[in-house]
Structures are given as C-alpha cells and as structure tokens.
Amino acid sequence: MLHPDLKSRDSISARAPEEALAEAVALGVALPGLEIIGDEVVPLPKMRAGTLFGTGKIEELKHRFHDNEVELVLIDGPVTPVQQRNLEKEWKVKILDRTGLILEIFSDRAATREGVLQVELAALSYQRTRLVRAWTHLERQRGGLGFVGGPGETQIEADRRAIDERINKIKTQLAKTVKTRELHRAARAKVPFPIVALVGYTNAGKSTLFNRLTGADVMVKDMLFATLDPTMRSVELPDGVEIIMSDTVGFISDLPTQLVAAFRATLEEVLSADLILHVRDISHPETDAQAEDVRRILSDLGVDTEITTLDVWNKLDKLDAADLEARNNTAARDEAIYVTSALTGVGMGPLLEAISREVTEATVTDVLRFGFDAGRKRAWLFEQDVVDKEDADEAGFVLSVTWSATQKARFEKEFGGA
C-alpha cells in the first residue's frame, strides 16, 4: 500500500499522511482476499504525468516488489490510465488506485438491487476511461469488479460499445428501481412518523448505534464500509413517540466523485430526514477532519441546512480517563453534542430524550373548509390522524385539525395550500 504525499494537494495535505495511510490500509483490509504485506508514505515533491513517481523511486520499489513477490500494488490516490499502464509495465504487477479499491469494496458489500446496480454503473464509468481494464466480470452476478483478478483479467482492451450498451441497460433498470423507491417514500410520507437519519464517517459506529437503538441485527464489524445499503426501522422512543430510523453508508475523505453521484439515491433518506444524527468516532485522532469531510459531503448532496443536526460523540469506551473528562466537559457546554458508547450503552438515555424533544413539534389547531369534491384532501388528513372534528354545510366539509408545522407543510406541498 503506497500513499503519495503530494504537498500541493489540499485534500491530502490537510490530514497527516500517516493517518491517511492507516485509513488506506484499513480500506485494503476491508476487501476479502487481500493480504497487506507492507505500507509506506511516499513523499512526492512533484507528480510525474506519465509515471506519478520519479524514476529513482520507481526503480527502488520495483526491486522491493520483486523480492517480496508482490502481485498487486494499492495506491492511495488517483492514478491516471497512462500512469497505471506505465507502472504496471515497469513493475510487472497490477495497480489499483483509491477509486478502484473503493469500487471493489462497494461491490462486495452492496446487498440491495439498487446498490448493486449503482456500484456497477460507477464501475463501468470508471472502466470506460481505462482501456487497460477488462470488463467481462459484468457477466457475473457477484464477486467483485474484476480489477484484482477473475475471468477476463488478461484482456487488454475493453469493448467500448459493449460497455455503453451495459450502461444504458443499467440506467433503464435503475429508473425502474428509483420509481419503486419513490413509491415507498410516498407511502412513508403518509405515515406521521419523523425520519431520523444516522450519518458519519465510515467506521464511526453508526450501525452499532442503530442496533442499540432499534434492536435490529445490522452487520457490525470494525471495518470500513461495513454498511453500504440503507436500513430503516420503526422505533418507539421511551416516551411513546414513534420514529423511523435510517442507517446509511459511511462517508470517507476524498470520496471519488463518481461514487458521490452513484450513491446519492442511497442517501436520499438523509435528504428527507426530520433530524440528522452525526455520529463521530471521538477516539480517532483525525475525528475533527473526518467531521469536516462529512459536513462537506452533506453540503454537496444538497442537504437542507435547516434540518436539525445533533452531534453524537461515540466510542467513549476507547478514551482514557483524561480524554474522557475533556470530552464530557466540552459536550456539557454544547446542547447539540451527546457523548455515547454504542457498544456499552452509555449515554443512550440523554440521546433518546434529545431525539424525542427534537422530533416532537408544537402543534396548532386550524379550521379547514373544502368543497365536496376535495375527497383526497379529506382522506389525507384522516390518514395523518390529525382530524379532531368534522362537520358539513351546504358548501362542503368543515374540519378542525391539530397538526404540526411539518404536517401542515406536507399538506400544502401535496395540495397547493391549506
């Protein structure tokens, strides 16, 4: 595993290269079948257009790879098709850059039909620019993307026409999948339960927290990208308030732009959330940089800044006594911060109370008048269980409703005004 430390690149220089390398190694470990036998930060004063690294470093690494019988080199950063082809020719190994590695992991983890299609679409877009890659893996249902082995690995040029045909087919299938998701979302909109979305850097403990709060059995591993497909569960809070909680894919720094677009649908639940819980691994030395990455990606996704966000400082169980006291003191001064250990259950009570407080809106009572032809409006109000009293006169229905601002806004959006 090589991490090019190019000082002029803001996305890398903003973080300590050693921490970036450790995260890259964790990415490699997350892909089944790979054994990481070495890792190194490679200082890069200037990036070479054709080979990325300088001739001296290339020659040095060539001998080390040969002596250690290395078959695959992971480079934590973008590698152009020309650089990849030249390095593979020089080193006699396969090269996988950060985007390719993340695509492989996503392919291995994606479970839902939409998730599999989104990964495949992103992989095809990535491969289309690389005529050195094979694409026959697409005939397989599962089992990786073919970058690191499998059928067709020795095929030098991708069939561009076949890739384009496959891309068009996937887009057609995705259109149907998205329509189904929209129907499901419309059905949920009729249920008067707020949506609470868990977001955060990958491996921050979101799935462990989700399991703790919902009693669900979501895959939990100390591994990057353990959860890739959104999971939703209905939860009744201790005070009786019901919510829908959504666990989402973890974010990561320098996330390839293809994947931000490909997984936008996966993160749609965040866009429609009533409350966001930003889960942070507060024990991680780069926790502040990770939090900033999450905020930037949420902004890129177009998440409404008016959606209330609570910071959940997780993994208290990994802190020593001094750090634990410091974190608790900081959280005590900020009402939007809640310290927890999803593993041990510490801090769940105050967090649940905060969730309930944020999603329980003040209600107002209004009197609505409709003509007898406004049956859909009347039915919607009864579905929301907000009707206190109903009368009728010669002009139509007269309903007294008690509802929240969110419900009123949804009604106005659906029917064009109350």
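Is arginine 295 buried, partly exposed or exposed? Arginine 295 is partly exposed, because its relative accessible area is 37%. The notes below put that residue in context. Keep in mind that this is a predicted model.

1. **Overall make-up.** The protein has 15 helices and 13 strands. Of its 418 residues, 48% are buried. The exposed area comes to about 20400 Å². Carbon and sulfur atoms supply 50% of that area.

2. **Contacts along the chain.** Take the contacts in the protein with a separation of 6 or more. Residues 24 or more positions apart account for 67% of them.

3. **Salt bridges in general.** Side chains of opposite charge can pair when their charged atoms come close. The structure holds 20 salt bridges. The next points pick out some of these pairs.

4. **Arginine 280 and aspartate 311.** These two side chains form a salt bridge, at 3.9 Å from N to O. The pair ties together distant parts of the chain, 31 residues apart. Arginine 280 sits in strand β8 (residues 275-281), and aspartate 311 in strand β9 (residues 308-314). Both ends are covered. Arginine 280 counts as buried because its relative accessibility is 7%. Aspartate 311 is buried too, with a relative accessible area of 14%; the cut-off for buried is under 20%.

5. **Arginine 295 and aspartate 311.** Aspartate 311 also has a salt bridge to arginine 295, where the closest N and O atoms are 4.0 Å apart. Here a helix is joined to a strand: arginine 295 belongs to helix α11 (residues 287-301), aspartate 311 to strand β9. The partners are 16 residues apart. Arginine 295, at 37%, is partly exposed, whereas aspartate 311 is buried.

6. **The network.** These pairs belong to a wider set. Arg280, Asp288, Glu292, Arg295 and Asp311 are linked in a network of salt bridges.

7. **Glutamine 290.** Helix α11 also carries glutamine 290. Glutamine 290 counts as buried, because its relative accessibility is 6%. What does glutamine 290 touch, not counting residues up to four places away in sequence? The answer is Arg15, Tyr201 and His284.

8. **Lysine 389 and aspartate 391.** Another salt bridge joins the side chains of lysine 389 and aspartate 391, at 3.9 Å from N to O. Lysine 389 is exposed, with a relative accessible area of 51%. Aspartate 391 is partly exposed, at 39%. The line between these two classes is drawn at 50%, so lysine 389 falls on the exposed side.

9. **A negative patch.** Which residues gather in a patch of negative charge on the surface? They are Glu236, Asp239, Glu242 and Glu353. Glutamate 242 is in strand β7 (residues 242-247). Its class is partly exposed, because its relative accessibility is 33%.

10. **Positive phi values.** Most residues other than glycine have a negative phi. Two residues here deserve a look on that count. Leucine 52 is not a glycine, yet has a positive phi of about 70 degrees. Aspartate 385 has a positive phi as well, near 60 degrees.

11. **Where those two sit.** Leucine 52 is in the loop between β2 (40-43) and α3 (55-67). Aspartate 385 is in the loop between α14 (375-383) and β12 (387-393). Is leucine 52 buried or exposed? Leucine 52 is buried, at 2% relative accessibility. Aspartate 385, by contrast, counts as exposed, at 67%.

12. **Aspartate 108.** This residue lies in helix α5 (residues 98-109). Aspartate 108 is partly exposed, because its relative accessibility is 30%. Aspartate 108 and alanine 30 are 78 residues apart in sequence. In space, their C-alpha atoms are 9.5 Å apart.

13. **Proline 78.** Proline 78 is in the loop between β3 (72-75) and α4 (81-91). Proline 78 counts as partly exposed, at 49% relative accessibility. That value is not over 50%, so proline 78 does not reach the exposed class. From proline 78 to glycine 100 the C-alpha distance is 9.1 Å, with their places 22 residues apart in sequence.

Definitions and conventions
Residues numbered from 1 in each chain as written. Predicted model: local features only at pLDDT ≥ 70, side-chain atom pairs only at ≥ 80, totals over all residues. Heavy atoms only, no water. Patch = residues over 30% accessible without salt bridge, like charges linked within 9 Å, V, L, I, M, F, W, Y side chains within 5 Å. Areas by Shrake-Rupley, 256 points an atom, 1.4 Å probe, with all protein chains shown as cover. Lys, Arg positive; Asp, Glu negative; His and termini not counted. Charge placed at Lys NZ, Arg CZ, Asp CG, Glu CD. Helix = DSSP H or I, 4+ residues; strand = E, 2+ residues; numbered from the N terminus. Buried < 20%, exposed > 50% of the residue type's maximum accessible area, 1.4 Å probe, protein only. Contact = heavy atoms within 4.5 Å.
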